[in-house]
Amino acid sequence: MNKDIHAQVVIIGAGPAGYSAAFRCADLGLDTVLIERYDKLGGVCLNVGCIPSKSLLHIAKVIKEAKDLSDIGVDFNNPLINIEKIRNWKNSIINKLTYGLSIMREKRKIRIIQGKAEFVTNNTIIINSLENNFIISFQYAIIATGSRARKISSVSDTDDRIWDSTDALLLKSIPSRFLIIGGGVIGLEMATIYSALGSKVDIVDRFGQFFPWIDKDIADTYIKAINKKFNLMLNTHIEIANITKKDILIKIFKENVEIDERSYDGLLIAIGRIPNIDFLGIEKIGIRLNNFGFIEVNNQLKTNISNIYAIGDVIGFPMLAHKGIHQGHIAAEIISGKKHYFEPKVIPSIAYTEPEIAWVGLNEIEAKKRNIDYEISIFPWNASGRALASNCSTGMTKLIFDKQSNQIIGGSIVGSNAGELIGEIGLAIEMGCDAEDIALTIHAHPTLYESIGLCAEVFQGTITDLINHKSIL
């Protein structure tokens, strides 16, 4: 049976981008229908991504800190891992947050329909639901269907020991020998979790440069910190030689030359993500894609069809929940009649590893490409009282300034809680702060975030916590 529904706004996908758009639409008085193929709100991020990974990363961090304390005279017994109890705790966090979203949706009187959506015309969608087929006519639509893990065509995923990130976060088991294909954020976060839980982890990555979107000095600091935890092999690829009940036999190639053969109990494929758009029927109505296969939008998040918007992962990099949430708000506000635009100066990125890596704005490579006359400023954490007192002195804070204006244009941090510290740098760039603004802002002492102020003092030539190379003697 078909049921006909009319809505001012229909939103496809209830991840962070989609539910944020729906909630903002409702708050602005728009009649809103939210379509979600799964039975819970929150999308990948809340259910099988950001939130469960951070809960497991918290456990990994505590285990690591407890081990580190043994070097300074505080010994604990080796941790006993109750995988079922950890899994239940992780799931309880997810359930609490999804329940909260469900309550907020009900309070806003947003209708939700579970099923897959497919465009029929520029103003009509059909939804294949478990109970009924719905035909929704709409004034505006927002596509927020997110992304999924990219697969390797030559690697079969039928064996339950070959995982994607969703499988890894289900915490099915703790492989004693674990291979991760892909040295990006997801691969490194999973390596952090499983190495702390007891796996011997190898990471292979085809690229010759680690994390090409961060500067080499930041990357080198991170690699130095993780060398004893897991093995990172760059410019490397693998072939599965044999799969038996006992293990997975892998051939390892460096620069196309076989260098080793190893056996593993588990294998994770973490080579990136692709947009969920193949089931939407967007080709029927002529929605344009860019050269990378993402939906093309303008600075108001409109597709080439003026009443259809797209937000979040489906429109490309960076594929981050906080980007999608912000875009959801902007799209809703534009539909309501506000003349808003999605034009952020910067979007922060974080790898929630141990130590964390966080970056925002331009790096040195990008500054060179733009022919900016820049200067870097670094404060090493081994000169930070709080870092030393907190046993986390392997780290650094780095700022990049435009030498002509003295304005901050980028920054990176590697170290404990870097993701919490990067916010000040992002705000400084958005506000157009120069080095003096940051240096003359009194930062609490002793803290990790004061390294940002001290970095600005290095640039200013006013630093006293380090040898001042700019001072005139």
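What follows is a walk through the sheets, cores, one pocket and two buried residues of a predicted model.

The parallel sheet is a good place to start. Five strands make up an open sheet, running in the order S8-S15-S9-S10-S11 with parallel pairing. At its edges sit strand S8 (162-163) and strand S11 (231-233), each with a partner on one side only. Further in, strand S9 (residues 177-181) and strand S10 (residues 200-204) run parallel and are joined by five bridges. One pair to look for here is Arg-177, which stands opposite Lys-200 in S10. Helix H6 (residues 185-197) packs on this sheet, where it touches S8, S9, S10 and strand S15 (266-269). The direction of H6 makes about 170° with that of S10.

A second set of pairings centres on strand S6. Strand S5 (residues 124-128) and strand S6 (residues 133-143) run antiparallel, with five bridges between them. The two form a hairpin, and four residues lie between the strands. Within this pairing, Thr-124 has Ser-137 in S6 as its bridge partner. S6 also pairs with strand S17 (residues 308-310), this time in parallel and through three bridges. Ala-141 is the residue that stands opposite Ile-308 in S17. As a rule, strands of a sheet pair through backbone hydrogen bonds, in either a parallel or an antiparallel way.

Ile-308 turns up again in the nonpolar interior. The largest nonpolar core has 56 residues, and Ile-35, Phe-119, Ile-125, Ile-142, Ile-143, Ile-295 and Ile-308 are those with the most contacts inside it. Helix H1 (residues 16-27) gives the most to this core, namely seven residues. Ile-295 shows what such a position looks like up close: leaving out residues up to four places away in sequence, Ile-295 touches Ile-143, Ile-277, Ile-282, Ile-287, Arg-288, Leu-289, Thr-303, Ala-310, Val-314 and Ile-315. Apart from the largest core lies another one, of 38 residues, with Tyr-194, Ala-196, Leu-234 and Leu-268 among them. Such grouping fits a broad trend, since nonpolar side chains tend to be buried together in soluble globular proteins.

As for empty space, the second largest pocket holds about 690 Å³. Its lining counts 21 residues, and Lys-64, Asp-68, Ala-225, Lys-228 and Lys-229 are the ones that lie nearest the centre. Helix H3 (50-69), H6 and helix H7 (216-226) each bring at least two residues to the lining. H3 has the largest share, with six residues. H6 thus appears twice, as a helix packed on the parallel sheet and as a contributor to the lining of this pocket.

Two individual residues round off the picture. Gly-395 is placed in the loop between helix H11 (385-389) and strand S21 (396-402). With a relative accessible area of 10%, Gly-395 counts as buried because the cut-off is under 20%. Leaving out residues up to four places away in sequence, Gly-395 touches Thr-221, Pro-380, Trp-381, Val-414 and Gly-415. The C-alpha atoms of Gly-395 and Asn-382 are separated by 7.4 Å, although the two residues are 13 residues apart along the chain.

Ser-412, for its part, is found in strand S22 (residues 408-415). Ser-412 is buried too, at a relative accessible area of 7%. Setting aside neighbours within four places in sequence, Ser-412 is in contact with Ile-218, Ala-358, Trp-359, Met-396, Thr-397, Lys-398 and Ile-422.

Notes:
Residues numbered from 1 in each chain as written. Predicted model: local features only at pLDDT ≥ 70, side-chain atom pairs only at ≥ 80, totals over all residues. Heavy atoms only, no water. Pairing = 2+ DSSP bridges. Contact = heavy atoms within 4.5 Å. Axes fitted to C-alpha atoms, helices over the stretch in contact; angles between N-to-C directions. Core = buried A, V, L, I, M, F, W, Y, C linked by side-chain atoms within 4.5 Å. Buried < 20%, exposed > 50% of the residue type's maximum accessible area, 1.4 Å probe, protein only. 1 Å grid on protein atoms, 1.4 Å probe; cavity = no way out; pocket = protein on both sides within 12 Å on 5 of 7 lines; lining within 4 Å. Points joined across faces, edges and corners; volume = space filled by probe spheres on them.
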